[in-house]
Amino acid sequence: MMRLPLFEFRAPRTLQEASRILDGERTNAMPLAGGTDLLPNMKRRQQVPRTLMSLRHIQPLNDVELTLSGSRLGACLTLSDIAADPRFRNGLTALAQAASLVATPQIRNMATLGGNICLDTRCNYYDQSYEWRKSINFCLKKDGTTCWVAPGSSKCMAVSSTDTGPALMALGARVRLVSLSGEREVALSDFYNNDGIDYIKRRPDEILAEVLLDSLHGWKSAYLPSAGRYRCGKFAVRPPIKSASHRRSCRNCGSNSQAARQH
Ligand SMILES: Cc1cc2nc3c(=O)[nH]c(=O)nc-3n(C[C@H](O)[C@H](O)[C@H](O)COP(=O)(O)OP(=O)(O)OC[C@H]3O[C@@H](n4cnc5c(N)ncnc54)[C@H](O)[C@@H]3O)c2cc1C
Ligand code: SF4
């Protein structure tokens, strides 16, 4: 049985308090949402934060506001909440479908939108126990010097497995990042780096507070996973189809998104 390493647990009730904790602890602390990605990683010693800071008691992170002029989705909404809520339809159908396809019902009941957007990148040489990784002398992403996928590469090629990310990118979503020094908005299509180690633009002292969407009035959207799980094939479509703006986003191309307009 793999055990968690020892850690300090903090459970702030406001974003301000959470920001202060992250500011003080810097890289020693990590936000904990549903824990479905982070806790197994800690058991495998892939990530070993000294402090875990739960986000689940910060009320604004659980809020959702859906209006004709735009939407704000709190980072701690669970994937089950999103998949089951009948308000997530038409423009937001792609997001609800993506959320409903993640893992299993038990995981979706715990996993959050913010956690799914920020989750660690995956690779068969990395998602293994500490002993397994030690037996191959670790790898570039953690504790080693060689990438076993591409031994000549100086860059890690592990990819994000997020399903909500591509759907939200196609819908033109932005994320609001909050820290003690202020807040900023980043387009989700700019949020991911083409690097398996430094894979997102979130700084360690920042909390992803919410996902912001402009008006999707008149949109219909769909999330289409392709036959190959890690291949392209997710897009959102805005009618009328003859002059449609098709947006496609892909989680396999270093998590970059692409947009294409077709007439
Ligand atoms: C068996 C299994 C199958 C899976 N299959 C899929 C799949 O098919 N599709 C898919 O998309 N995912 C899949 N996942 C991954 C799953 O989506 C993630 O485990 C989950 O979405 C992460 O959400 P969480 O709330 O549990 O995040 P956590 O585990 O709590 O956190 C994940 C990461 O995000 C950070 N974080 C979390 N919330 C915030 C925030 N608000 N601000 C800043 N940082 C934050 C944490 O510090 C951590 O680094 C699978 C996982 C498992 C275990
Ligand atoms: S460095 Fe290479 S082997 Fe290690 S996780 Fe990244 S892609 Fe996989």
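Helices (H or I, at least four residues) and strands (E, at least two) are here DSSP runs, numbered from the N terminus. The model is a predicted one, in which local features need pLDDT of at least 70 and side-chain atom pairs count only at pLDDT 80 or more, while totals for chains, interfaces and linings use all residues. Residues are numbered from 1 along each chain as its sequence is written, and chains are lettered from A and ligands numbered from 1 in the order in which they are written. The points below cover the surroundings of two ligands, an open sheet of five strands and helix H1 (residues 15–25).

**Ligand 1**
- Around ligand 1 there are 29 residues, of which Ala33, Gly34, Gly114, Gly115 and Asn116 are the closest; a residue is near a molecule or strand if its C-beta atom, placed from the backbone, lies within 6 Å of it.
- At least two residues of this shell come from each of strand S2 (29–32), helix H5 (105–110), helix H6 (113–118) and S8, and H6 gives the most, with four residues.
- By type, the shell of ligand 1 comprises 16 nonpolar, nine polar and four charged residues, where Ala, Val, Leu, Ile, Met, Phe, Trp, Tyr, Cys and Pro count as nonpolar, Asp, Glu, Lys and Arg as charged, and the others, Gly among them, as polar.

**Ligand 2**
- Ligand 2 is surrounded by 13 residues, the closest being Cys123, Cys139, Leu140, Cys147 and Cys156.
- The shell of ligand 2 divides into 11 nonpolar residues, one polar and one charged.

**The open sheet**
- Five strands, in the order S4-S5-S8-S6-S7, form an open sheet with antiparallel pairing, two strands being paired if DSSP finds at least two bridges between them.
- Strand S4 (64–67) and strand S7 (182–187) each have a single partner strand and stand at the edges, so one side of each is left without a neighbour in the sheet.
- Strand S6 (residues 174–179) and strand S8 (residues 207–214) run antiparallel and are joined by five bridges, with Arg176 standing opposite Glu210 in S8.

**Helix H1**
- Ala18, Ser19 and Leu22 of H1 are buried, that is, 20 or more other C-beta atoms lie within 10 Å of their own, whereas exposed means 12 or fewer and partly exposed in between, with C-beta atoms placed from the backbone.
- Seen down the axis of H1, its buried residues fall within an arc of 100 degrees (the arc of the directions from the helix axis to the C-beta atoms), so they line one face of the helix.
- On the face turned away from this buried side, H1 carries the exposed residues Gln16 and Gly24.
- Arg26, which follows H1, has a positive phi, near 50 degrees.
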